[in-house]
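Please look through the structure below before reading on. The paragraphs after it are meant to be followed with the model open beside them.

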Amino acid sequence: MTEPLSSPLVLCSLLLSVWAAIGFTGLIRPASVAFAGRTLFSLGALCGAALACVAATSLSASPEQIVLPIGLPDLPVHLRLDGLSAAFLFLLGATATGISIFAAGYFRRGEGTPPGLMCLQYHLFLASMGFVLLADDAYGFMLAWETMALSSYFLVTTQHRIPEIRSAGFLYLLIAHIGAIAILLSFGVLQGGSWQFTFDAMRGAQLEPAWAAIAFLLALFGFGAKAGLVPMHVWLPEAHPAAPSPVSALMSGVMLKTALYGLLRVTFDLLGEPLWWWGLIPLALGLFTALYGVIFAAAQTDMKRLLAYSSIENIGIIFTGVGLAILFAGTGMHAAASLALIAVLYHALNHAFMKSLLFLGTGAVLHATGERNLGRLGGLIHRMPWVAWLTLVGALAIAGLPPLNGFVSEWLLLQSFLFAHELPRAFVNMLLPLGAALLVLAAALAGYVMVKFFGVIFLGQPREAALRTAHDAGIVERIGLAWLAIGCVLLGLFPTQVIPMLSRVIQPLGFSGLSLDERSWWLLVPLPQRQTSYAPLVFLAVIVAVVLMTIAAVRFFYHQRVRLGAPWDCGFGRLNGRMQDTAEGFGQPIRHLFNPFFAMVRELPSPFDLAPRYRVVVGDRIWRGLYLPLGALVRRIANAVAWLQQGRIANYLLYSFVTLVVLLALVL
Amino acid sequence: MTAFDWVAQILGILAALLAAPLFLGWVNQCRAWLQNKSAPPLMLPYRGIRKLFHKDAVIASNASPLFRLAPYVVFGTMVTAAAIIPSIATRLPFTRAADAIALVGLFATARVFVSLAAMDVGTAFGTLGARREMMIGFLAEPALLMVIFVASLIGATTALPQISELLATQSLALYPSLAFTAVAFTMVLLAENARIPVDNPATHLELTMIHEALLLEYSARHLALMEWAAALKLFNYVCIGFALFIPWGLATSQAPFVLTLSLLLLGAKLVLAGAGIALIETVSAKLRVFRAPEFLATAFLFAVLGLLVRLLLGA
């Protein structure tokens, strides 16, 4: 290290430390919203923007390492910044900027936890996510990983006086820790007998294929639990509605991506050469997760639960891409593997922006109306135009519509699916195109979900009288939303600028990368030999031009008046908000079509009921079929070993003695 | 790109704009003949559009700006699609702006805007139509993707112009896989364009309609744009079908003679396709809404059959 302060790694770690420092500053005046909320969160946003800038400049720089003499004796903390870390740091910084700006305006009344403490937890969460991305040894990684889990647990349980929120937080913490155990075990396998837990040692370790596969599966399980891969997804729909909206945005937009980072780091960096068949597992799980998530999203009536399930869907899409990348990399199809991995990174970036935007949008709605239930919302586009139009950008983007960003990454992923038939493996090459069809089904269903989400909240008539007095978000919150919305638009319009950067990011991981034609900055041709092209700018330009020309022509030729009238009510008198389709109604075709997925409990009225009542509760089959029996089993085992606890000191001394004897026998 | 390319491109867009209502009129006329009714005039769709443009628009008092913007956006996306699809020539300036998958995305954009606009006023019909339209959409898209997949296996690209050029230059090679996918594509075309057996374009019976329920609140110029956009959508889908399955006669250069010839051939193909659609609509019955998934699942299976034929037999 010759020039310490100009080194991006030092800058990044300094900025992350500044985040932590900002958090602790909040404790000076913990009850002050103006200080802890406004000032410190704005500073945090600045810090995020700086981090994004530093990370963006070091995307293609050569990796650098530092060893910090902190931590336990003989266990210094290793930090390393390479392209992959920088890409995810950029994601963290850029998304956190928008979220922090929004949060500066959002935490005005204090939500249970005093704002100063909230500020500490929030910024520690940010800093720990950053250190997860920088860590270069298992010890440092796990330390940051656990700090991230704990700080986010306290953020989830901000309103800890509500029992449901406490139990949601507990579920989250439980699954986070089961995942962390798997990750720890995976690192244990990865060190390969050298007992060196730095990532450098793991890169050098020669693992037998069976052990490598075990390490990969453990990592997939551990990181999958954090990311929300089915069947470890159950915490997401509980934790996201419980947390304050900026925290949901961070968790869904960024924290899930740290799990993706971990999996990519282990698979493509620490394990070296992945075997092709490993890819089948994330691919199958990913496709199932995508479909499962989106189907449940369509059936939800709570807007934040709906978004949580939509996050599960997007994680599914991302893991599908990871599976494809492994599959192609393991069979030596470099162009296809690069395409799939770039699609993965691109989609992670896109999802960070669009899902944060949507969660913040729900936060603004929640503040304005106090309602999370879709059945009590509606018509908010009139009262909250800013939030509505900015959220519309996010909704269209996540529905995968061109020319916004969600489409680009899904398009890239489908393009890589088109290589599937060239795989030199029988059956797999025929089944994979069906996987592409599943992916498209999930993407198209996401459109359905977003029409439901946006339509029920913002369009139509207000379903409650109180909604007529809802207020739009404040100026600070609008800036936060606009930041993320602009990110969605730019990522959608300039894939030709983003893809070469991502291509340089994956090259050190043993991928060939894609060689785009640098001259055509408007036309995206990912693979010259395929001649397939996509030009989002032309798309947008033509659509906008045609729309403007049509408006001008209509204005010029036909200037007929516009009269306002009542909507068509079939002659039955005045319509009211309760006559619209509800969120349940909008989910009905999905419940009907995908009936086997749902565990539904229906209460149907009989013809003779004086007060007829129709009720349907949609449950998660995996929760009932897997988690409840698992919980019962744990309880039974606990009861069975409970007889050990006799409450007499003589017995406990006996246990200690027996343990000692057994251990001595083992050691000697 | 020369100036002449741009002239050809603009001519192509104008041709699509003008031909779309005519094609709809032709389908309606054929259907009337087949059903032993006296046929409406061929030019009726034009008259309808013209009449609507001359009226005062009535808009629900609680409609948002989205409601008034949506017809323009939908019309704009359909014109964009018409510019991208190689309907007359394969080497026009805009044909490279999107491949077949992006075209599907473009149609999805239009569908989402139509559905959002339908939900905007907050009537029961609007939301009902929106949810049915989105349901048909997500059922049709996987089948459509499989069709594109098979075509891209043959052409090694998802770009429509390249696929049609390749297929058109081969000496009348018939692909069995393409025959299967053509059936699948026709079924998707019927479903996406609100034709029988999925929807009935002639009905205003509340319980069965999809497309008409979406447009119920529109009037005058907004309705005209929506109807025109719907006609363009049908035209676009038929042209995608031509590009994939009967690409012969598409101009690969911009010579005026070739373009004229290709325009004439397009007309001939449209006459046949219109008669075909009318025939299908006459001999089949409208399905219940919840039978539509079965219809589209059949389309999907046909496309998968095409894929298997291509992968297993290489045919």
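What follows is a walk through selected helices, the contact between two chains, and some backbone features.

The model is predicted, and for that reason local features are taken up only at pLDDT of at least 70 and side-chain atom pairs only at pLDDT 80 or more, while totals for chains, interfaces and linings use all residues. Residues are numbered from 1 along each chain as its sequence is written, and chains are lettered from A and ligands numbered from 1 in the order in which they are written.

A convenient starting point in chain A is helix H2, residues 33-57, where helices (H or I, at least four residues) and strands (E, at least two) are DSSP runs numbered from the N terminus. This helix has 25 residues and reaches 35 Å from its first C-alpha to its last, close to the 36 Å expected at 1.5 Å a residue, the expected span being 1.5 Å times one less than the number of residues. Its buried residues include A:Ala36, A:Gly37, A:Leu40, A:Phe41 and A:Gly44; a residue is called buried if 20 or more other C-beta atoms lie within 10 Å of its own, exposed if 12 or fewer, and partly exposed in between, with C-beta atoms placed from the backbone. As a general background to such patterns, an α-helix has 3.6 residues a turn, so residues three or four places apart point the same way. The buried residues of H2(A) pack against helix H1 (8-25), H3 and H4 of chain A, and contact here means that the C-beta atoms of two residues, placed from the backbone, lie within 7 Å.

Of these partners, H4(A) covers residues 115-134, and its 20 residues should span 28 Å at 1.5 Å a residue, which agrees with the 28 Å between its end C-alpha atoms. Because 19 of its 20 residues are buried, H4(A) is largely enclosed by the rest of the structure.

The partner H3(A), residues 83-106, also meets helix H18(A), residues 475-493: their axes come within 6 Å and cross at roughly 160°, where axes are lines fitted to C-alpha atoms, for helices over the stretch in contact, and angles run from 0 to 180 degrees between N-to-C directions. That makes H3(A) roughly antiparallel to H18(A), since angles under 35 degrees count as roughly parallel, over 145 as roughly antiparallel, 65 to 115 as roughly perpendicular and the rest as oblique. Among the residues that make this contact are A:Ala94 and A:Phe102 of H3(A) and A:Trp483 and A:Gly487 of H18(A). By class, the contact has 11 nonpolar, five polar and one charged residues, with Ala, Val, Leu, Ile, Met, Phe, Trp, Tyr, Cys and Pro counted as nonpolar, Asp, Glu, Lys and Arg as charged, and the others, Gly among them, as polar.

Another pair in chain A is formed by helix H11 (residues 280-299) and helix H21 (residues 583-593), whose axes come within 7 Å and cross at roughly 140°. That angle makes H11(A) oblique to H21(A). A:Ile295, A:Ala298 and A:Ala299 of H11(A) meet A:Gly587, A:Ile590 and A:Arg591 of H21(A), and these residues divide into four nonpolar, one polar and one charged.

Turning to the two chains together, 71 residues of chain B are in contact with 66 residues of chain A. The elements of chain B that give two or more residues to this side include strand S1 (57-60), helix H3 (65-84) and helix H5 (124-155), and H5(B) gives the most, with 16 residues. By class, the side of chain B that touches chain A has 44 nonpolar, 18 polar and nine charged residues.

The backbone deserves a last look, because most residues other than glycine have a negative phi, and most peptide bonds are trans. In chain A, the peptide bond from A:Val230 to A:Pro231 is cis, with omega near 5°, and A:Pro231 lies in the loop between helix H8 (209-227) and helix H9 (236-242). In chain B, the bond from B:Ile196 to B:Pro197 is cis, with omega near 15°, and B:Pro197 is placed in the loop between helix H7 (176-192) and helix H8 (211-214). B:Ala194 lies in the loop between H7 and H8 of chain B; this residue has a positive phi of about 55° although it is not a glycine, and with 21 C-beta neighbours inside 10 Å it counts as buried.
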